[in-house]
Amino acid sequence: MDNQFTEDVSILVDNDPLSVEFHIYEVGYEKCQPTKPFEYIPIDYWVLHYVMDGKGYFSAGNSDLQHLSAGDTFLLPANCPNIYYPDKADPWTYMWVGISGELTAKYLAQIGLSRRNFVINASIDKTKEMLFNHVYQAFKDKQNFQSLSAVYSLLDYLQQENHANNPVNQGKQIFDKILLYVDENFASGLTISQIAANNNVDRSYLYKLFQRYLGKKPSQYVHQLKLQKACSLLRKSSLNITQISQECGFSSSAYFTNVFAKEMNSTPLKYRNRFIRARN
């Protein structure tokens with residue numbers, strides 16, 4: 001590890017965001033020791049790692065376990081199950097930037113990272129390491145605007161690197177934009193015609209893209225997102241069933257209850273009660 005780091009690990013946190021749209025919540029570095037694989041609890045912010053030295057293993061969501069090495073960048077998406085640990089023979093050292101805010105997913109999508117694409121493979125890059133270090137040092141010195149500027153410079157550099165090393169075909173670019181649009185609007189009663197029209201594609205091409213990249217119909221994907229959000233709200237919110245059905249884009253609470261019971265083998269209320277600890 002470079003001489004500016006005098007310890008094996010450092011974690012700095014800022015709980016006072018300048019903006020709800022884009023905020024540097026955490027920065028850090030670690031010279032890891034060999035550990036056994038274990039799964040981390042999902043966190044509610046996005047974490048971008050750069051492997052400075054050594055090797056390790058990484059997986060997020062349902063992705064396959066990947067063997068990463070120095071020069072690679074990997075992303076932990078917010079609220080996503082993840083596993084990552086150092087290689088026993090050559091444990092990695094990495095830096096990271098944790099980002100929260102409403103625009104984070106959109107910004108990361110611009111550099112080719114999302115809930116489906118977690119890794120940018122590359123060789124060792126001192127410029128990238130320097131950019132991560134600039135973010136860390138500005139954050140450490142409580143230079144809020146300077147650390148934000150450093151993050152934007154880092155994202156710009158990663159975008160250029162990803163486009164240079166991993167050119168994406170036109171269909172994939174279009175599909176990534178469509179998924180981002182669906183993820184942001186599915187709860188508003190989104191129709192297939194609206195998805196196609198707002199992304200300037202016809203319905204048949206839309207179906208082809210979903211089959212090619214996800215192996216499912218657009219309606220199946222939207223339906224899946226609605227149920228995922230419903231489950232999350234039932235576990236974590238105090239909204240009643242009618243309010244949850246509205247938040248998730250179902251036409252009525254009765255329809256929501258029927259669909260949920262069919263898909264989850266449980267009524268919404270019974271599902272919620274599983275996550276409520278009884279009080280004496």
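Modeller: A residue is called exposed when its relative accessible area is over 50%, buried when that area is under 20%, and partly exposed in between. The model discussed here is a predicted one.

Colleague: Which residues of helix α6 are exposed?

Modeller: In α6, Lys 208 and Arg 212 are exposed, so each has a relative accessible area over 50%. They lie on the other side of the helix from its buried residues. Those buried residues of α6 (residues 203-213) are Leu 206, Leu 209 and Phe 210.

Colleague: What makes the buried residues of α6 line one face of the helix?

Modeller: Viewed down the axis of α6, the buried residues fall within an arc of 95°, and therefore they line one face. An α-helix has 3.6 residues a turn, so residues three or four places apart point the same way.

Colleague: What covers the buried residues of α6?

Modeller: The cover includes α4 (170-185), α5 (192-198) and α7. After α6 comes Gly 215, which has a positive phi, near 70°.

Colleague: Why is α7 called roughly perpendicular to α9?

Modeller: Helix α7 (residues 218-236) packs against helix α9 (residues 253-264) at an angle of about 95°, and their axes are 11 Å apart. Angles of 65 to 115 degrees count as roughly perpendicular, so α7 is roughly perpendicular to α9. On the α7 side, the contact is made by His 223, Leu 227, Ala 230, Cys 231 and Leu 234; on the α9 side, by Phe 256, Val 259, Phe 260, Glu 263 and Met 264. By class, this contact has eight nonpolar, one polar and one charged residues.

Colleague: Why is Leu 18 called partly exposed?

Modeller: The relative accessible area of Leu 18 is 48%. That value lies between the 20% limit for buried and the 50% limit for exposed, so Leu 18 is partly exposed. Leu 18 sits in the loop between β1 (9-13) and β2 (23-31). Apart from neighbours within four places in sequence, Leu 18 is in contact with His 23, Asn 144, Phe 145 and Leu 148.

Colleague: How do you know that the protein is as compact as a globular protein of its length?

Modeller: The radius of gyration is 21 Å, and the globule rule gives 19 Å for 280 residues; the two are close, so the protein is as compact as a globular protein of that length. The protein has ten helices and ten strands, and its C-alpha trace spans about 65 × 60 × 40 Å along the principal axes. Buried residues make up 41% of the 280 residues.

Definitions and conventions: Residues numbered from 1 in each chain as written. Predicted model: local features only at pLDDT ≥ 70, side-chain atom pairs only at ≥ 80, totals over all residues. Heavy atoms only, no water. Axes fitted to C-alpha atoms, helices over the stretch in contact; angles between N-to-C directions. Helix = DSSP H or I, 4+ residues; strand = E, 2+ residues; numbered from the N terminus. Parallel < 35°, antiparallel > 145°, perpendicular 65-115°, else oblique. Contact = heavy atoms within 4.5 Å. Nonpolar A, V, L, I, M, F, W, Y, C, P; charged D, E, K, R; others polar. Buried < 20%, exposed > 50% of the residue type's maximum accessible area, 1.4 Å probe, protein only. Arc of directions from axis to C-beta. Rg over C-alpha atoms; globule rule 2.2 N^0.38 Å.
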